[in-house]
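Please look over the sequence and the coordinates before reading on. The paragraphs that follow lead from single buried positions to strands and then to a bound ligand.

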Amino acid sequence: MYFKKMILISLCLANVAMAQTKLYTEQFRPQFHFSPATNWCNDPNGLVYNNGTYHLFYQHNPFGNVWGHMTWAHATSKDLIHWKHQPIAIPEENGVMIFSGTCVVDKNNTSGFGKDGTIPMVAVYTGHIENVNQSQCIAYSLDDGITWTKYANNPVLDIHKKDFRDPKIFWHAQKKYWVMALVLSVEHMVQFYSSPNLKDWKHLSNFGPVGDTSGVWECPDLTQVPVEGIPGKKKWLLQTSQNASMQYFVGEFDGVSFKNENKTTAILRPDYGPDYYAAIAYNQLPATVLPTAIGWVNNWNYANDIPTTPWKSAMSLPRNLSVKKINNNWILMQKPVPAVNALRKQLITLSTEVVAANKLLPVKSTQFEMELSIEPASTSICGIKLAKAGDDYFEIGYDAAKQLFYVDRSKTGNISFNENFKKLTRFEKSIALKNKKLQLHIYFDNSIVEIFVNDGEAVFTAQIFPEENNSAIELFSTGGKSQFSGINFREMKSAW
Ligand code: FRU
């Protein structure tokens, strides 16, 4: 009896504690990135634009703050930055989890799900039966994505494999059919299928294994993107995720097969940091909107253990995509969507600094956007430290002698909540200076740092969990004097 009473009292206290912290004000809570109000999330799913609304479905556990019971949750937005939570879209049922996939607006009612002129939205997802099978299933909505009905004759594509998942669907205008790209994960292969009606699928071709085959392939995304500087010219971008990082290929897709035009000797990644995964691009955007992708900000090596509650994981800033030829490779160029600028507070322009050791900036924040150029001394290691207090900081740096850009979170707050996180602290990539300078566009959102280098030629996304109130910002240069200029700093408002 006594024990029962004690349990009851502690449960009540826990509830009071929960209620006391208002949602979206918790420590580490991103304020201008999407995160679920409560509980676990992973991959973005079903990104589609319909009638002025951007839909974001995502992998979600409605019952807990770790991976499990995979279900499609749903949020909508008018601008990709302010989100409204919607009811659960497609729940796990009868032992079948709802794994990743995409969504289309079936304008011509090819599926026949539309009734009395209502245009159906159709979601194509992987039905996952743990340790048994993965097959492709569909569901439809006749009320703009709010309520969903699973198709009675699911699955629509089943080759009796345990690792066959994550369909990306889009309409191929020339061929006049739907295309599905999905992966044979263990074989490191993307398969392409076609369908006239989203129900009957025919195999077209395979791509891979190629490039990074270090982990199982997941979440393929194929989308057409503009070539920077050549109006009207487009290329096809194929992205895949493998265990904890992503890679991309650029080339042509003729409606049947994908031909990569990049060398595969160096692996090209949409993000060189630790926390960008399963990114997919929006379907059916208006012609005036650039192709836009969103990725999951987390990493399977430690995802379940990150120290956030009552939610876990967030989405990246939506990124506009284009490509550009650099040194004979098509390079993915990414920029945050302009809508994020609506959250900017007042611009603070800081003076040019020549730094020989350390220079604390006269601003402090853990929620800001900052642009700057660095002209590193040829022998220096230089850069910027965020979330700084004493020896605790996040370091963004450039090693000029090695022409190496890096991020380092080994000295940032809590790194010991997971053994893998403790090891995965430094991420680097060789990046050449442009006119002797490095251009950085940094977003820091409490526990997420996203850095767009040289106009988005490379991006780094990293989660950090700094001590509360560590918010100083410091420039540094060792081994020579480096110049920091064009420093534009803006705190960011909350989107929540
Ligand atoms: C990628 C992934 C997908 C799968 C989903 C399950 O992060 O493993 O392959 O569909 O997550 O939640």
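A residue is called buried when its relative accessible area is under 20%. Because Pro318 has a relative accessibility of 3%, it counts as buried by that criterion. The model is a predicted one, and Pro318 is placed by it in the loop between β21 (314-315) and β22 (319-326). Leaving aside neighbours within four places in sequence, Pro318 is in contact with Leu80, Ile81, Thr292, Ala293, Ile294, Lys335, Pro336 and Val337. Tyr282 is 36 residues away from Pro318 along the chain, and the C-alpha atoms of the two are separated by 9.7 Å.

One of the contacts of Pro318, Leu80, deserves a look of its own. Leu80 sits in the loop between β3 (71-77) and β4 (83-90), and its phi is positive, about 75°, although the residue is not a glycine. Leu80 is also buried, since its relative accessibility is 5%. Ala387 is another residue other than glycine with a positive phi, here near 50°, but its place is in strand β28 (residues 381-389). With a relative accessible area of 0%, Ala387 is buried.

Two peptide bonds that precede prolines can be added to this account of the backbone. The bond joining Asn154 and Pro155 is cis, with omega about 0°, and Pro155 belongs to the loop between β8 (149-150) and β9 (157-161). The bond from Thr309 to Pro310 is likewise cis, with omega near 10°, and Pro310 lies in the loop between β19 (292-297) and β20.

Strand β20 (residues 311-312) leads to β1, to which it is joined by two bridges in the parallel sense; within this pairing, Asn39 of β1 has Trp311 as its bridge partner. On β1 there is also an antiparallel pairing with strand β2 (residues 53-60), made over six bridges, in which Tyr49 is partnered by Tyr54. The strands β1 and β2 form a hairpin with two residues between them, and Asn51 in the turn has a positive phi of about 50°. As for cover, 12 of the 12 residues of β1 are buried.

How many residues of β30 are buried? The number is five of five, and both faces of the strand are covered, with Leu404, Tyr406 and Asp408 on one side and Phe405 and Val407 on the other. This division follows a general pattern, because in a regular strand the side chains alternate between the two faces of the sheet. Strand β29 (residues 392-399) is joined to β30 by five antiparallel bridges, and strand β31 (residues 426-430) is joined to β30 by five bridges that are antiparallel as well. Tyr406 takes part in both pairings, standing opposite Gly397 and opposite Glu428 in β31. The hairpin of β29 and β30 has four residues between the strands, and Gln403 in its turn has a positive phi of about 50°.

Just after this strand comes Arg409, in the loop between β30 (404-408) and α2 (419-423). Arg409 carries a charged side chain, yet it is buried, because its relative accessible area is 2%. Which side chains make polar contacts with that of Arg409? The side chain of Asp275 does so at 2.9 Å, and the side chain of Tyr302 does so at 2.9 Å. Not counting residues up to four places away in sequence, the residues that Arg409 touches include Pro274, Phe394, Ile415, Phe421, Leu424, Phe427 and Ile464, as well as Thr425 and Gln463.

The last stop is the ligand, which has 13 residues around it, of which Asp43, Gln59, Arg165, Asp166 and Glu218 come nearest. These residues of the shell divide into six nonpolar, three polar and four charged. Oxygen atoms of the ligand lie 2.7 Å from an N or O atom in the side chain of Gln59, 2.9 Å from a polar side-chain atom of Trp67, and 2.8 Å from an N or O atom in the side chain of Arg165. Taken alone, the ligand exposes 320 Å², and the protein buries 96% of that area. The elements that give two or more residues to the shell are β1 (39-50), β5 (97-105), β10 (164-172) and β14 (217-226), so that the account returns here to β1, the strand whose 12 residues are buried.

Methods:
Residues are numbered from 1 along each chain as its sequence is written. This is a predicted model: local features need pLDDT of at least 70, side-chain atom pairs count only at pLDDT 80 or more; totals for chains, interfaces and linings use all residues. Side-chain values use heavy atoms; hydrogens and water are left out. Buried means under 20% relative accessible area, exposed over 50%, partly exposed in between (1.4 Å probe, protein chains only). A polar contact is a pair of N or O atoms within 3.5 Å; within protein, one must be able to donate a hydrogen and the other to accept it, and residues adjacent in sequence count only if both atoms are side-chain atoms. Contact means heavy atoms within 4.5 Å. A residue is near a molecule or strand if one of its heavy atoms lies within 4 Å of it. Accessible areas come from the Shrake-Rupley method with a 1.4 Å probe; for residues, only the protein chains shown count as cover. Two strands pair if DSSP finds at least two bridges between them.
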